[in-house]
There are 2 protein chains.
Amino acid sequence: MTELTPQCETDDHAPAARSFDPVACDRAAAIFRALGDPNRLHILILLRQGPMCVTAIADELDDNLSAVSQRLKLLRSERIVVTRREGKHVFYALTDDCIVELIDHALAHGSESLTPKPPR
Amino acid sequence: MTELTPQCETDDHAPAARSFDPVACDRAAAIFRALGDPNRLHILILLRQGPMCVTAIADELDDNLSAVSQRLKLLRSERIVVTRREGKHVFYALTDDCIVELIDHALAHGSESLTPKPPR
DNA sequence: TAAACAGTCAATGAATTCATGAAATGATTG
DNA sequence: CAATCATTTCATGAATTCATTGACTGTTTA
């Protein structure tokens, strides 16, 4: 359990990211894109509590297994989650705490300005 | 310049976001989705330097005006940027510093794990 | 090794997003 | 008020994403 949620000491990388780096930009956008779906985000919020296997996630979310598996696959392809097989089960866990921070930050920011939409 | 980049004191909202709130989740996902496009993200990275008008942004990004305008419109609809008209020009600016933090964080996280892609 | 369980993969169609170019709107200037 | 500059809107098609279903693979257990 502890083995799956390591590294990325949060302030290893506070500075950086000044002058524009197109590669980092694309990478960041890809991460955001992956986070930018309510279903996927919901999975990640669940995983904040600790590693879970696919069926457990699907149960908790009351969604079909295949769909959940595919969302996890996408999250994995962006290295947002990692996997570990244990017997029949495959456990998914958040790759590192940066992701948690990112999510919490957006979540909190989201609950702030909750007014519907700006003018037109 | 200072008038356009106010509020959101960064740690007004450090805790929060514990138990699952579907509305906040959707909102957060929407924000992420908006950030999840390289072109839009690039615009935001530009705006980190301060407010700019549409043509200036399009020039800087060497992209067509209409496209930039539409991306800005989307960012505005998610309240990620705000506008101010000044004569013929419309200036766009980041709504608050939370967004900057979010971006910097992802950007930094992005440059870390820059390995292509995980297995299959 | 067959059955059962856990998860993934592949294919399909529906829905959404995106870029592009042309027309329309707003604001200033001659 | 005509011309021009700045920006937005609209319409189109191409590309991408998403959910769904059924088949397939890997692992344990009887």
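This report walks through a predicted model, covering chain A, the surface near DNA strand D, one acidic residue and a hairpin.

## Ground rules

Residues are numbered from 1 along each chain as its sequence is written, while chains are lettered from A and ligands numbered from 1 in the order in which they are written. Local features need pLDDT of at least 70, side-chain atom pairs count only at pLDDT 80 or more, totals for chains, interfaces and linings use all residues, and side-chain values use heavy atoms, with hydrogens and water left out.

## Chain A at a glance

Chain A has five helices and three strands; these are DSSP runs numbered from the N terminus, with helices (H or I) of at least four residues and strands (E) of at least two. Along the sequence they come in the order α-α-β-α-α-β-β-α. Of its 120 residues, 48% count as buried, meaning under 20% relative accessible area with a 1.4 Å probe and protein chains only.

## Around DNA strand D

There are 23 residues around DNA strand D, and B:Thr55, B:Ser66, B:Ser69, B:Gln70 and B:Tyr92 come nearest. Here, "near" asks for a residue heavy atom within 4 Å of the strand. On the DNA side, sugar and phosphate make up 65% of the strand D atoms that come within 4 Å of the protein. By residue type, the surface splits into five nonpolar (Ala, Val, Leu, Ile, Met, Phe, Trp, Tyr, Cys, Pro), eight charged (Asp, Glu, Lys, Arg) and ten polar (the others, Gly among them).

Now for some polar contacts (pairs of N or O atoms within 3.5 Å; within protein, one must be able to donate a hydrogen and the other to accept it, and sequence neighbours count only if both atoms are side-chain atoms). The side chain of B:Ser66 puts an N or O atom 2.7 Å from a base oxygen of DNA strand D, whereas B:Ser69 does so at 2.7 Å from a phosphate oxygen. From chain A, a polar side-chain atom of A:Arg40 sits 3.1 Å from a phosphate oxygen of DNA strand D. Elements giving two or more residues to this surface are H2 (38–47) and H4 (65–77) of chain A, plus H3 (54–61), H4 (65–77) and E3 (89–94) of chain B. H4(B) gives the most, with five residues.

## An acid without a partner

A:Asp96 is in the loop between E3 (89–94) and H5 (97–112) of chain A. A:Asp96 is buried but has no salt bridge (a Lys or Arg side-chain nitrogen within 4 Å of an Asp or Glu carboxyl oxygen). The nearest side chain of opposite charge, A:Arg27, is 8.2 Å away, with Lys and Arg counted as positive, Asp and Glu as negative, and His and the chain ends not counted. A polar side-chain atom of A:Asp96 does lie 2.9 Å from the backbone nitrogen of A:Cys98.

## The chain B hairpin

E2 (81–86) and E3 of chain B run antiparallel, joined by six bridges; strands pair if DSSP finds at least two bridges between them. One of the bridge partnerships is B:Val82 with B:Ala93. The hairpin has two residues between its strands, and B:Gly87 in the turn has a positive phi of about 65°.

Terms used
Buried means under 20% relative accessible area, exposed over 50%, partly exposed in between (1.4 Å probe, protein chains only).
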